Structure formats: structure tokens, C-alpha cells
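Here are a few notes on one helix and its surroundings. Have the model open while you read.

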Amino acid sequence: MKTPISKSEKILYIIWSSVLLAGILFFIFYHLFDMQLYTGNRPCGFKYIFHLYCAGCGGTRAVDYFLHGKLIRSFLYHPAVVHIAGFFISYYIPTTLRMIGLIRKKINDMIYVSILIGLLVIIILNVVLRNVLMVNYGLDYIGECVKYWI
């Protein structure tokens with residue numbers, strides 16, 4: 001039985017399509033002009049005060065590596081970037097197939113909720129693991145805070 005597509009689903013799909021289009025255009029210009037993401041000279045306040053990594057540390061470099069196709073490096077700098085890309089694909093492809101009528105049944109929203117909860121868990125584990133490994137064992141693959149803990 002075909003589940004009707006609600007107005008809110010259509011609006012959400014248009015928003016995600018706009019995000020995808022903007023991402024594709026950014027990717028094209030990023031490679032066309034051999035761009036690098038500007039990180040600026042402003043240090044992270046959390047890192048500056050506590051000499052520990054915050055939940056967002058490494059995110060910009062992870063996006064930069066992801067855009068260059070270096071998925072393992074991207075994952076090491078911040079696993080949330082690869083996870084978000086996977087979430088986007090797992091949402092967008094089935095929704096597109098449903099919109100054009102190739103899939104009839106709506107995918108359970110709890111799958112997406114589970115993926116988002118997984119993202120939160122990944123971010124928390126990333127912060128805890130990264131800082132515990134650095135403080136207790138001197139392992140810091142980013143290499144910016146370990147000098148305070150050795």
C-alpha cells in the first residue's frame with residue numbers, strides 16, 4: 001500500500017535537495033579553484049583554557065579531508081563528518097525513490113532518530129576518547145594539545 005507524501009515531507013525534501021545542490025556546487029568550486037577551508041587564526045577557547053579538545057575540534061580539517069576524498073583521515077579528525085554524510089545518503093536516496101514512485105512504503109522515522117542518536121554518541125565518544133588517550137597515554141594524532149600533558 002502506498003503511503004501518501006505529506007506536505008511537511010515535501011518541504012523537508014526540498015530543503016535537503018537545496019542543501020545537496022549547494023554542497024555539489026561547493027564541491028565543484030572547491031576542486032575547480034583548488035580551495036582550502038580557511039580556519040582563521042582564532043584558537044578554540046576551550047582548547048586555549050583547558051588544553052583539551054572540544055566536541056568540534058578537528059571538524060574543519062575533517063570536512064577538508066572529506067572533500068578531498070581522504071575518508072580515513074576525515075574520520076580520524078572528526079568521525080561525525082563521515083557519519084553525517086552517511087546519514088544524508090541514507091535519508092536522501094530512499095526519499096528520492098519514494099518521491100518518484102519507485103518505493104511505496106515510507107521508511108520508519110525511528111531509523112533516522114537512531115542514526116541521529118548514534119551521531120550524538122559518536123561525538124561524545126570522540127571527545128572523551130581523544131582527550132583520555134592524550135592525557136593518559138600521550139597519544140594525540142592532531143598534535144596540538146599533547147605538549148601540555150607530557
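1. First, the yardstick: buried means under 20% relative accessible area, exposed over 50%, and partly exposed in between, with a 1.4 Å probe and protein chains only. Arg 98 comes out at 6% relative accessibility, so it counts as buried.

2. Some housekeeping. This is a predicted model, where local features need pLDDT of at least 70, side-chain atom pairs count only at pLDDT 80 or more, and totals for chains, interfaces and linings use all residues. Residues are numbered from 1 along each chain as its sequence is written, and side-chain values use heavy atoms, with hydrogens and water left out.

3. Arg 98 sits in helix α5, residues 79-99 (helices are DSSP runs of H or I, at least four residues, numbered from the N terminus). Its side chain meets that of Glu 9 in a polar contact of 2.8 Å (a pair of N or O atoms within 3.5 Å, one able to donate a hydrogen and the other to accept it; residues adjacent in sequence count only if both atoms are side-chain atoms).

4. Arg 98 has buried company in α5, including Phe 87, Phe 88, Tyr 91 and Tyr 92. Among the elements covering the buried residues of α5 are α1 (7-32) and α6 (contact means heavy atoms within 4.5 Å).

5. How long should α5 be? Its 21 residues, at 1.5 Å a residue, should span 30 Å, and the end C-alpha atoms are indeed 30 Å apart (the expected span is 1.5 Å times one less than the number of residues). After α5 comes Gly 101, with a positive phi near 95°.

Technical notes. Helices (H or I, at least four residues) and strands (E, at least two) are DSSP runs, numbered from the N terminus.
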